[in-house]
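This report goes through one protein model, from a single helix to its sheets and aromatic rings. The sequence and coordinates are shown first.

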Amino acid sequence: MNSVIGICDSNAVYMKKLAESFMHKSDIPLQIMTFSDGSQLIEYLKEHSLDILIADGVFLQEYFNQGQHVDTGKDTSRQMEVIKQHTRYILELSDEKGGMEKSGDFGFRISRYQSSVELFTLIRQLLAGNRIPENREKKNLKAGSNCRTFLGVQEMYGVQKQYEAQDGYIITVYSPVNRCGKTSLAVILTEILNQREPSLMVCMDHYSAVFSGEDQNLAELIYHLSGENNLRTKETVFRDFTEYENYIKIWEGLSYIAASKTVADLVQISSDQMCRLVDMLKHRSRYRYIIMDLSEGMENIHKILEQSDCIFMPVLDDCISRCKIEMFDQHMQSVMESEKWKRLSARIHRIQLPPAFETGDIENYYRELAWSDQAKAAEELLEKYYI
């Protein structure tokens, strides 16, 4: 017998992507029903039932609030009872980033930016009748340990990971090859990792689409830090990054430091300045994951790469791309000591990403990334390299 999942959201594109993603991933019999408004949902539930309803949180709060609906005058409290009586579980979609939390006796509030893989895994857990724990943080009880264990969304899937409490984790996405999916990977990695703990993307590309054009950008931040901390010298005064939080921008829930406005601004940033900013983010900020979208425009790029805990290098399988990679290797060997290059190259993971998909404009492209083949590839990378 098929399990029936209902999706109720005013965003038709989102509903279509979500439904297609579930059908593509499903290895269990599913029936997906979509509803663009509350009246369609109520009419369906008068004769049928749902195992799981995935509904926009604003829709639930505004359309099914207690009392009379302001537009129709209908008794919406009765309609809400119809939903509860004919639905096993309700997943309320929130526009806020984060994990999952309990909402009522049989409902859960989750971020709509949660990856489709994580969302579908939750659905499998609910359909199987497994108990789903609420988000919480537990300290690692091992004596003398300097780590902490976070349970929540990860615990749902039977996975517990330990992270050092005091340091951020630096992931750099870099490639000497153009149009290989570098920025797309940086964006989706930031979105996925932000489901676990606060994550930040540092945009260091020449032209970074929706992540550039801000007055408070990477170059301005470096200039500010240089004046206060003498970043061109060794006389760095470490401060908490919280003093510079106004340089953090938010787009669709994604936190980022905007790219420099011009290439000229970018090339004037020295590798020492950039390394010390990364050092501050790693040791003195609230961000657990720092994802750097690294550009060719930086000087002494190997110094920045050396600060990275993990480096993803998207590549393409054509003769020109292979030649560029070979030239990169030769350059690194010429500017670095043999042992240093050996240690660095072990952290460089050369990968081929699925091709970019077509969409109406660049903002919609980044919005739809979470449901794309690139997102699936990014999740597989994090699992493969134990991040």
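In helix H2, which spans residues 38–45, the buried residues are Gly38, Leu41, Ile42, Tyr44 and Leu45. These residues lie on the same side of H2, because the arc they cover around the axis is only 160°. The model is a predicted one, and the burial given here is computed from its atoms.

Leu45 also has a computed distance to a residue of another helix. Its C-alpha atom is separated by 9.9 Å from that of Lys84, and the two residues are 39 apart along the chain. Lys84 belongs to helix H4 (residues 76–85). With a relative accessibility of 38%, Lys84 is classed as partly exposed.

**Overall make-up**

The protein has 387 residues, of which 52% are buried. Its secondary structure consists of 15 helices and 16 strands. Among contacts with a separation of 6 or more, 70% are between residues 24 or more positions apart.

**Strands S1, S3, S4 and S6**

Strand S3 covers residues 50–56, and seven of its seven residues are buried. S3 pairs with strand S1 (residues 3–8) through four bridges, and the two run parallel. Within this pairing, Ile5 has Ile52 in S3 as its bridge partner.

S3 also pairs with strand S4 (residues 87–94), in the parallel sense and over six bridges. Here Asp56 is matched with Leu93 of S4. S4 in turn is joined to S6 by five bridges, and these strands run parallel as well. Ser94 stands opposite Ser111 in S6. Strand S6 (residues 107–111) is largely enclosed by the rest of the structure, because four of its five residues are buried.

In a regular strand, side chains alternate between the two faces of the sheet.

**The seven-stranded sheet**

Seven strands form an open sheet with mixed pairing, in the order S12-S13-S11-S14-S10-S15-S16. Which strands stand at the edges? They are S12 (248–251) and S16 (348–351); each has a single partner strand, so one side of each has no neighbour in the sheet. On average, neighbouring strands of this sheet are turned by 25° against each other, with direction ignored.

Strand S10 (residues 169–173) pairs with strand S14 (residues 289–293) over five bridges, in the parallel sense. Tyr169 is placed opposite Tyr289 of S14. Tyr289 also has a charged neighbour: Arg288 lies over its face, at 5.4 Å from the ring centre.

**Aromatic pairs**

The structure contains eight aromatic pairs. The distance of the centres and the angle of the planes describe a pair of aromatic rings. Two of the pairs are taken up here.

Tyr174 and Phe328 make a tilted pair, with 5.7 Å from centre to centre and 45° between the planes. Tyr174 is in the loop between S10 and helix H7 (182–193), while Phe328 is in helix H12 (residues 319–335), so the pair ties together parts 154 residues apart in sequence. These two residues also belong to a cluster, in which ring pairs link Tyr174, Phe328 and Trp341.

The pair of Phe312 and Tyr385 is likewise tilted, because the ring centres are 5.9 Å apart and the planes are at 55°. Phe312 is part of strand S15 (residues 310–314) and Tyr385 lies in the segment after helix H15 (373–384), so this pair ties together parts that are 73 residues apart in sequence.

How accessible are the four residues of these pairs? The table lists their computed values.

| Residue | Relative accessibility | Class |
|---|---|---|
| Tyr174 | 2% | buried |
| Phe328 | 6% | buried |
| Phe312 | 0% | buried |
| Tyr385 | 24% | partly exposed |

Buried means under 20% relative accessible area. Tyr385, at 24%, therefore counts as partly exposed, whereas its ring partner Phe312 is buried at 0%.

Note on methods. Residues numbered from 1 in each chain as written. Predicted model: local features only at pLDDT ≥ 70, side-chain atom pairs only at ≥ 80, totals over all residues. Heavy atoms only, no water. Buried < 20%, exposed > 50% of the residue type's maximum accessible area, 1.4 Å probe, protein only. Arc of directions from axis to C-beta. Pairing = 2+ DSSP bridges. Axes fitted to C-alpha atoms, helices over the stretch in contact; angles between N-to-C directions. Phe/Tyr/Trp six-rings, centres within 6.5 Å; stacked < 30°, edge-to-face > 60°. Lys NZ or Arg CZ within 6 Å of the ring centre and 35° of its normal. Contact = heavy atoms within 4.5 Å.
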